[in-house]
Amino acid sequence: MAHSMMQPQIILLKEGTDTSQGKAQLISNINACVAVVDAVRTTLGPRGMDKLIHTDRGVTISNDGATIMKLLEIIHPAAKTLVDISLSQDAEVGDGTTTVVILAGEFLRESKPFVEEGVHPQSLIRSFRQAGQLAVQQVKDLSISIEGKSAEEKADMLKKCAMTSLNSKLVSGEKEFFAQMVVDAVSVLDPSTLDLRMIGTKKVQGGGLRDSFLVDGVAFKKTFSYAGFEMQPKSYKDPKILLLNIELELKSEKENAEIRLNDPSQYQSIVDAEWNIIYDKLDKCVESGAKIVLSRLAIGDLATQYFADRDIFCAGRVQESDMHRVAVATGAQTQTTVNNLNPKVLGSVEAFEEKQVGAERYNLFTGCPKAKTATMVLRGGSEQFIDEAERSLHDAIMIVRRAMKNASVVPGGGAIDMEISKFLRDHARTIAGKSQLFINAYAKALEIIPRQLCDNAGFDATDVLNKLRQKHASKSGDGNNFGVDVNTGGVVDTYASFVWEPALVKINALTAATEAACLVLSVDETVRNPKSEGPDGQGGPGRGMPGRGRGRGRGRGMRR
């Protein structure tokens with residue numbers, strides 16, 4: 001009888017599957033996220049430190065949150081959510097990538113004591129979502145719109161936003177110079193699309209940062225050239241431009257064709273036919289009236305010399321992105337044949353010249369009639385430095401684009417964070433029940449931004465935060481815009497001192513950080529099967545027969 005009462009052992013998951021659940025699992029996930037935050041924490045703000053990351057692909061020096069998170073190659077599943085939000089912030093807004101990671105980590109850090117005391121994660125999630133919505137609404141209410149301002153004021157305001165973004169970058173010493181360059185570059189773009197691909201960035205080693213310049217048009221590095229290239233003219237006024245996607249080379253027959261000849265004298269006629277084909281193509285290019293011929297594919301030595309004799313400039317193997325930008329700027333259309341070239345397919349430009357930049361030579365197209373494109377040529381000492389300068393300018397360009405589309409700004413330097421924190425503390429007092437504590441915790445977490453700015457600048461964070469709390473608590477509301485002054489270690493009206501950032505950056509950061517924190521809090525069990533983590537995602541002897549379909553390879557029904 002007793003034997004029949006015994007419960008059979010139930011095996012649900014594959015052998016070797018590790019499941020961890022409950023409170024300990026949640027706290028382990030929170031700790032992992034906090035550890036990731038500690039890796040990027042010190043890069044926040046104008047006095048943030050840089051990280052040197054050494055991988056197989058080389059050395060990267062950066063203080064851009066998204067770049068660091070991407071290069072760290074984090075494998076912890078919960079901590080990966082932080083990588084995702086920093087990359088989404090980078091794609092959506094361009095700046096604030098470190099902010100979003102720090103905020104998410106701080107929300108989790110503040111929720112940890114509640115989890116340890118046995119509070120249900122769903123209560124925390126509900127309160128955090130509510131606090132997040134209130135915070136976003138408050139940012140919208142506090143933002144200052146710049147719609148309806150004159151063009152000069154708008155350009156000035158965009159420059160201030162770009163300078164705030166560049167403040168925390170490696171190139172902050174030349175932020176005035178670069179902010180102006182970024183605003184000029186973005187202003188050239190088509191206002192309806194503001195397509196980022198229309199801003200080219202070229203990096204040339206050597207010289208100083210100040211030697212960087214903006215080309216109001218297209219610039220690209222001189223391509224590989226054959227003999228005869230130096231005989232071509234290197235500058236034109238009002239030339240016509242022909243863009244091709246064909247090879248202008250003497251080509252042997254591709255298809256392994258076999259020709260049988262009875263008479264050796266016929267051989268010469270076949271050779272002549274090959275030459276006639278290339279000469280026919282070149283004649284048609286010359287007849288079109290184009291003075292500049294660019295091709296995606298190779299332009300051979302024969303063609304180069306032929307064009308040089310007729311005072312035509314040519315360049316082969318031009319990169320696709322550069323061809324696309326030349327086409328947009330000059331109005332030329334890329335051709336795949338040289339037959340029937342009519343004047344409509346040719347582009348035009350006011351001036352073309354080849355110019356020496358450092359050790360490289362660049363082809364510059366300026367004064368483009370349909371110019372909705374610009375090229376920044378960056379100079380600097382070392383390769384890593386120019387790479388970081390490019391990343392910094394990318395952030396600034398994204399910020400200016402966003403500010404152009406959503407014309408409202410908020411004061412930076414931790415001012416907006418302190419103001420939202422004060423607002424949420426006041427709001428929490430009106431709520432009965434446990435959620436009062438959770439919203440207070442959310443409000444306290446927001447103070448991490450000014451606190452971290454102080455820590456990174458080497459100031460006493462407690463002292464500065466007390467001054468900020470006092471300013472923001474004033475009933476008159478004249479302390480709302482006060483943030484950290486990283487130069488003196490005191491507090492300053494950041495709106496008056498032009499430390500501005502687009503409201504969208506803050507809204508996006510708050511939304512993404514709250515979502516990420518709620519996502520981590522909502523996970524109460526992790527199932528791992530080490531066997532299914534082989535190189536092809538199937539490893540281990542337990543995998544299904546190959547070719548049987550229906551995905552038997554991964555512990556059936558259990559998603560990795």
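Asp238 sits in the loop that links β8 (235-237) to β9 (240-244). In this predicted model, Asp238 makes a convenient place to begin, since its backbone invites a second look. The phi angle of Asp238 is near 50°, a positive value in a residue other than glycine. With a relative accessibility of 58%, Asp238 counts as exposed, because the threshold for that class is over 50%.

A second residue with such a backbone angle is found in another loop. Leu194 is not a glycine, yet its phi is positive, at about 45°. Leu194 belongs to the loop between α8 and β5 (199-205). Is Leu194 buried or exposed? Its relative accessibility is 3%, so Leu194 counts as buried, whereas Asp238 counts as exposed.

It helps to set these details against the whole chain. The protein chain contains 17 helices and 20 strands. Its C-alpha trace spans about 105 × 80 × 40 Å along the principal axes. The radius of gyration of the protein chain is 31 Å, while a compact globule of 560 residues would have a value near 24 Å. Of the 560 residues, 48% are buried. Sequence-distant contacts are plentiful by count: among contacts between residues at least 6 apart in sequence, 74% join residues at least 24 apart.

Two pairs of residues give a feeling for distances within the model. Thr337 lies in the loop between α11 (320-330) and β12 (347-348). Thr337 has a relative accessible area of 33% and is therefore partly exposed. From Thr337 to Ala509 there are 172 residues in sequence, and their C-alpha atoms are 50 Å apart in space. The other pair starts in helix α11, where Ala327 is placed. Ala327 has a relative accessible area of 16%, which means that it is buried, the limit for that class being under 20%. Once neighbours within four places in sequence are set aside, Ala327 is in contact with Leu243 and Ala332. Leu243 falls within the residue range of β9 (240-244), the strand that follows the loop of Asp238. Between the C-alpha atoms of Ala327 and Lys444 the separation is 53 Å, with these positions 117 residues apart along the chain.

Helix packing comes next. Two packed helices are described by the angle between their axes and the distance between the axes. Helix α8 (residues 175-188) packs against helix α12 (residues 383-405) at an angle of about 55°, and their axes are 9 Å apart. The two helices α8 and α12 are therefore oblique to each other, and their crossing is right-handed. On the α8 side, the contact involves Phe178, Val182, Val183, Val186 and Ser187; on the α12 side, it involves Leu393, Ala396, Ile397, Val400, Arg401 and Met404. By class, the residues of this contact between α8 and α12 comprise 9 nonpolar, 1 polar and 1 charged.

Which residues of α14 and α15 form the contact between these helices? Helix α14 (residues 435-446) and helix α15 (residues 448-457) have axes that come within 5 Å and cross at roughly 30°. An angle under 35 degrees counts as roughly parallel, so α14 and α15 are roughly parallel to each other. From α14 the contact takes in Lys444, Ala445 and Leu446, and from α15 it takes in Ile448, Ile449 and Pro450. The contact of α14 with α15 holds 5 nonpolar residues, no polar ones and 1 charged. Lys444, part of this contact, is the residue whose C-alpha atom lies 53 Å from that of Ala327.

Helix α15 also meets helix α16 (residues 461-473), where the axes come within 9 Å and cross at roughly 140°. That angle makes α15 oblique to α16. The crossing of α15 past α16 is right-handed. Here Pro450, Arg451, Cys454 and Asp455 of α15 meet Ala461, Val464, Leu465, Leu468 and Arg469 of α16. The residues of this contact of α15 with α16 divide into 6 nonpolar, no polar and 3 charged. Pro450 takes part in the contact of α15 with α14 and also in that of α15 with α16.

Terms used. Residues numbered from 1 in each chain as written. Predicted model: local features only at pLDDT ≥ 70, side-chain atom pairs only at ≥ 80, totals over all residues. Heavy atoms only, no water. Axes fitted to C-alpha atoms, helices over the stretch in contact; angles between N-to-C directions. Helix = DSSP H or I, 4+ residues; strand = E, 2+ residues; numbered from the N terminus. Parallel < 35°, antiparallel > 145°, perpendicular 65-115°, else oblique. Left-handed = near helix turned anticlockwise from the far one by under 90°. Contact = heavy atoms within 4.5 Å. Nonpolar A, V, L, I, M, F, W, Y, C, P; charged D, E, K, R; others polar. Rg over C-alpha atoms; globule rule 2.2 N^0.38 Å. Buried < 20%, exposed > 50% of the residue type's maximum accessible area, 1.4 Å probe, protein only.
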